[in-house]
Amino acid sequence: MDYAKRNIALICILFFIMVIGLILKEKAQQETTNILINNIITPTSISNHSQTLVYNPQGLLSYQIMADKSIYDSNNKVNWFTNLVMIIYNEKKLPAWIIKSNQAKLEKEKILYLYGNVIVDSLTEMTTLKHLKTEKAQVNLITQDWVSQEKVTLSGHRFFSTGMKMYGNLRNKTAQLTGIVRTTYGTSSQKTDKKNPNNQSASGLQQTRSRY
């Protein structure tokens, strides 16, 4: 009987620890959001469940931004987004990439800064690169250059790569990892590991020179 009671007490304690952990995680994410947004002195407008369409000078749809919350700071000409989902369209007017992040900042120079659980997925079959994940990144929406100074994971057709930093171009479908880069090639039945221990520039795709 005492043994059963001890097991029940142990289960209750573990459950309590898990709940406390989830609460602390949510609080940390909220504090990060507050730190970012509190930099805004007087927001001009606040929108919930916003959707924005942006067209290029030729009248073609360039990208679409959706967010749970959007705040515009007129003092600094900056837009803040919470739970951002962004779709970038190619020259054929087809969706090419989808970008997600917990928080984002769009500056007037059309530089998009992404914070927290940054995920980039290809929406076309023409790219070898299919998926990217990191914690911070930035995208130039005019040139479509993308950069991350954080640890990055890339994956695609028969490869998986990790690196300490990344830069590339979405329009050209390129990405290059730098620092200590590790890449796994092949299928589940046949894999080959390659490593760059010299802290030098490396693509993670040996034969294609960073082009995905």
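This briefing covers the make-up of the chain, its strand pairings, its largest pocket and one loop residue. The model is predicted. The chain holds 1 helix and 13 strands. Along the sequence the order is α-β-β-β-β-β-β-β-β-β-β-β-β-β, so the helix comes before the strands.

**The chain as a whole**

- The chain has 212 residues, and 38% of them are buried.
- Its accessible surface is about 13300 Å². Carbon and sulfur atoms account for 55% of that surface.
- Among contacts with a separation of 6 or more, 36% join residues 24 or more positions apart.

**Strands 4 and 5**

- Strand 4 spans residues 95–106, and strand 5 covers residues 111–122.
- The two strands run antiparallel and are joined by 8 bridges.
- Lys-105 has Tyr-113 in strand 5 as its bridge partner.
- The hairpin of strand 4 and strand 5 has 4 residues between the strands. In this hairpin, Lys-110 takes a positive phi near 65 degrees.
- Strand 5 is mostly covered, with 9 of its 12 residues buried.

**Strands 5 and 6**

- Strand 6 takes in residues 129–140. It runs antiparallel to strand 5, and 9 bridges join the two.
- One of the paired residues is Val-118, whose bridge partner in strand 6 is Thr-134.
- Strand 5 and strand 6 also make a hairpin, with 6 residues between them.

**Strand 6 with strands 7 and 8**

- Strand 7, residues 145–148, is antiparallel to strand 6 and shares 2 bridges with it.
- Gln-138 faces Val-147 of strand 7 across this pairing.
- In the hairpin of strand 6 and strand 7, 4 residues lie between the strands. Gln-144 has a positive phi near 65 degrees there.
- Strand 8, residues 152–156, pairs with strand 6 over 4 bridges, again in the antiparallel sense.
- Leu-132 has Leu-154 of strand 8 as its bridge partner.

**Strands 8 and 9**

- Strand 8 is mostly covered: of its 5 residues, 4 are buried.
- Besides strand 6, strand 8 pairs with strand 9, residues 159–163. That pairing is antiparallel and has 5 bridges.
- Val-152 is bridged to Gly-163 in strand 9.
- The hairpin of strand 8 and strand 9 has 2 residues between the strands. Arg-158 takes a positive phi near 65 degrees in this hairpin.

**The largest pocket**

- The largest pocket encloses about 640 Å³ of space.
- Its lining is made of 28 residues. Nearest its centre lie Tyr-89, Asn-90, Glu-91, Gln-144 and Arg-171.
- Gln-144 thus appears twice in this briefing: in the pocket lining and in the hairpin of strand 6 and strand 7.
- By class, the lining has 17 nonpolar, 6 polar and 5 charged residues.
- Strand 1 (45–55), strand 2 (61–73), strand 3 (78–89) and strand 4 (95–106) each give the lining at least two residues.

**A loop residue: Ile-180**

- Ile-180 sits in the loop between strand 11 (174–178) and strand 12 (181–187).
- Is Ile-180 buried, partly exposed or exposed? Its relative accessibility is 43%, so Ile-180 counts as partly exposed. The cut-offs are under 20% for buried and over 50% for exposed.
- Lys-165 is 15 residues from Ile-180 along the chain. The C-alpha atoms of the two are separated by 8.9 Å.

Definitions and conventions
Residues numbered from 1 in each chain as written. Predicted model: local features only at pLDDT ≥ 70, side-chain atom pairs only at ≥ 80, totals over all residues. Heavy atoms only, no water. Pairing = 2+ DSSP bridges. 1 Å grid on protein atoms, 1.4 Å probe; cavity = no way out; pocket = protein on both sides within 12 Å on 5 of 7 lines; lining within 4 Å. Points joined across faces, edges and corners; volume = space filled by probe spheres on them. Nonpolar A, V, L, I, M, F, W, Y, C, P; charged D, E, K, R; others polar. Buried < 20%, exposed > 50% of the residue type's maximum accessible area, 1.4 Å probe, protein only. Contact = heavy atoms within 4.5 Å. Areas by Shrake-Rupley, 256 points an atom, 1.4 Å probe, with all protein chains shown as cover.
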